[in-house]
Amino acid sequence: MKRWQTPLHSCRAAGRASGTRMTQISTSTTLAERSSGRSAAAKRKLSRRQRRELYWGLGFVSLAVGGFILLKVIPIVASFVISLTDWNVARAPSFIGLNNYMRMLTADPLFWKSLWVTAYYSLFSVPVSMAFAFALAMLLNTRIPALGMFRTLFYLPSIIPVIASSILWLWMFNPDFGLFNAGLDLLGLPRQRFIYEEGQVIPSLVFMSMWSVGPMMIIFLAGLQDVPNQLYEAVDIDGGNAWHKLRHVTIPMMTPTILFNLLISIVAALQTFVQAFIMTEGGPNNGSLFIVFYIYRKAFQEQQMGYASALAWALFLVICALSILVFKTSNRWVFYHGGDD
Amino acid sequence: MSAMEETSFKDLIVRQRPGVGKRRFAFLVCIVISLLMMMPLAWLVRSSFMEMGQIFIFPPEWIPQPFRFENFPEALTVIPFFRYFVNTMLILVPSVVGTLVSSSLAAYGFARLNWPGRDLVFGVLLSTLMLPYIITLLPTFLMWSQVGFINTYVPLIVPNWLGFHVFYIFLLRQFFKNLPRELDEAAEIDGANPLEIFWYIILPVSRPVLLVVAILSGLNAWNDFLDPLVYINSSDKYTLALGLAQFTGLYTSQWNLLMAASTVIIVPVLIVFFLTQRYFIEGVTMSGLKG
């Protein structure tokens, strides 16, 4: 299987490959059986062996599968059931059909606002941070001195607890005494209000997200290192320049890695929470009312579990729709080269 | 930024072999980006040592004068940091152990045993990576409150014993899959059952990846904010992250103390990162590679 294949695709591939693997194993078993001179018993023994592996396999995965059912399947179903009620910690819930969804879609401007804010942030931060991570990975894929040090320094901000980085950036964004306005002063540019102004809060948070692209950068770097050198040499021979290499070799060869990072960062961006909680409290004028923050507020501050569950389902459906969209279009732009190793 | 350097380096590039000039340019860009990326941390450290008076000077100064070390003891006493550290460890240690046990067992089942439906089950588990956490959090919270475990660490620890973070199963499975089959087969001929093979053969050779999972899940528990926020309500049970958030609400304008407190929560992470950097980077690399 291709070394740099994305995991989500690999499940599909693994499904295909498992047949082959099974035959390989059974051949080796029959060979072993034959050598002991009992090929007639081999067939029965094989199925017994398979049954044994099934029991053992289920035993090994039982904790995880139990957790999957208890902490994922049941909650998702429960969440949908709760979303059909007016569940509120104070009184007994009653069934209200699709009223929560009706309210969400027709009578709650904050829902639309939070959806817009989340979409705006994601559409902005995902490409920007991916491009930045890609550029950093390209830099680290050259033969320059102190490479290890640069890799460490570029990665370092990503390990800082998001709660601490939120407080730090809150202080740097401070309009009166913060680092950024000092920098703007130095460059002779007008001061900004950053997260304290509705029009700037999302761009400011996008800028902040560029600080912690470390994991994405490392994944890109690993992908870059797997691009075969002959392909670049071929471009050289054809008289191509660096741009041709990037456009016709690097990017096509990196599309599986790009797909992987794209999915991971979309799902992460849509679930932004701590920044809103610590830095902006959803403001100003709900300009950073990320949907997860809005759900949190409805569920745990206003105790409207039913309505919050409906909101959570809306987010779930958005993520499902986006992943399907990305996967459906991926066979048009993701390039899987035929080689095997 | 880069446009200016490009012109100033053009002269150099002409004189030398093209590769060298390009590499020198990349080196310079790396230095500039490193400086920019370290600037917030410099700002953090500088602010954490300053007096209140100096912190509100504009344009800002970079060197604290004098260095006010008392910020740290003050920040550590206003909020019972030691207690919160203990609380955090009370969650972190059992969570890491649970993650190691449940994830490695599952990963072995998915990587080294052949049973019908295996890849389907794994695919379904893996697809939950796309599941927004908040959707399961609400009913799970209601479930834990039904059985009376709110304001305890149980809801924060138990999911880790049930392989909740599928990502670690994925990571371990990748590693187990690439181990030579002969290991299992040799042990099998000697009459070992899968559990014995797992314990005596697979786990000992998998120490590096187990360490990766331990570090990543430990970091996860250290940084976790939403879960403690939802499940813990009495302040003597707060974790460090939660305590820091509460501190932020109380001392909004005392930036030197806030920065000192933030530094305290960051430093242990940095130490672990520097000690285990190789595994760290390896772990992240593995997550994107090797189908």
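In this predicted model, B:Asn151 is a residue other than glycine that nevertheless has a positive phi, near 65°. Its place in chain B is the loop between helix H7, which covers residues 133-146, and helix H8, which covers residues 154-161. Around B:Asn151 there are 14 other C-beta atoms within 10 Å, and because a residue counts as buried only at 20 or more and as exposed at 12 or fewer, B:Asn151 is classed as partly exposed.

Chain A offers a case of the same kind to look at, namely A:Gln303, which is not a glycine and yet has a positive phi of about 60°. This residue sits in the loop between H13 and helix H14 (305-333) of chain A. With 14 other C-beta atoms within 10 Å, A:Gln303 is partly exposed.

The backbone also holds cis peptide bonds, and one of them lies in chain A, where the bond from A:Gly283 to A:Pro284 is cis with omega near -10°. A:Pro284 belongs to the loop that runs between helix H12 (274-280) and helix H13 (291-301) of chain A. In chain B, a cis peptide bond with omega of about -5° joins B:Gln65 to B:Pro66, and B:Pro66 is found in the loop between helix H3 (52-55) and helix H4 (71-78) of that chain.

From these local features we can turn to chain B as a whole. Its secondary structure consists of 16 helices and zero strands, and the domain assignment divides the chain into domain 1, residues 1-44, and domain 2, residues 74-288. The centres of these two domains of chain B, taken over C-alpha atoms, are 39 Å apart. Chain B has a radius of gyration of 25 Å, whereas a compact globule of 291 residues would have a value near 19 Å. Along the principal axes, the C-alpha atoms of chain B fill a box of roughly 70 × 65 × 35 Å. Of the 291 residues in chain B, 40% are buried. When contacts in chain B between residues at least 6 apart in sequence are considered, 74% of them join residues at least 24 apart.

How do individual helices of chain B pack? The pair formed by helix H14 (residues 240-250) and helix H15 (residues 255-275) of chain B serves as an example, with axes that come within 11 Å and cross at roughly 170°. Angles over 145 degrees count as roughly antiparallel, and H14(B) is therefore roughly antiparallel to H15(B). On the side of H14(B), the contact is made by B:Leu240, B:Leu244, B:Phe247 and B:Thr248, while H15(B) contributes B:Leu258, B:Ala261, B:Ser262 and B:Ile265. Sorted by class, the residues in this contact of H14(B) with H15(B) are six nonpolar and two polar, with no charged residues.

The last step is to see how the two chains meet. The contact takes 89 residues from chain A and 81 residues from chain B. On the side of chain A that touches chain B, helix H2 (residues 39-83) of chain A gives the most, with 21 residues. That side of chain A divides by class into 65 nonpolar, 17 polar and seven charged residues.

Key:
Residues are numbered from 1 along each chain as its sequence is written. Chains are lettered from A and ligands numbered from 1 in the order in which they are written. This is a predicted model: local features need pLDDT of at least 70, side-chain atom pairs count only at pLDDT 80 or more; totals for chains, interfaces and linings use all residues. Domain bounds come from an automatic or database domain assignment. Two residues are in contact if their C-beta atoms, placed from the backbone, lie within 7 Å. Helices (H or I, at least four residues) and strands (E, at least two) are DSSP runs, numbered from the N terminus. Ala, Val, Leu, Ile, Met, Phe, Trp, Tyr, Cys and Pro count as nonpolar, Asp, Glu, Lys and Arg as charged, and the others, Gly among them, as polar. The radius of gyration is taken over C-alpha atoms; the globule rule is 2.2 Å times the number of residues to the power 0.38. Axes are lines fitted to C-alpha atoms, for helices over the stretch in contact, and angles run from 0 to 180 degrees between N-to-C directions. Angles under 35 degrees count as roughly parallel, over 145 as roughly antiparallel, 65 to 115 as roughly perpendicular and the rest as oblique.
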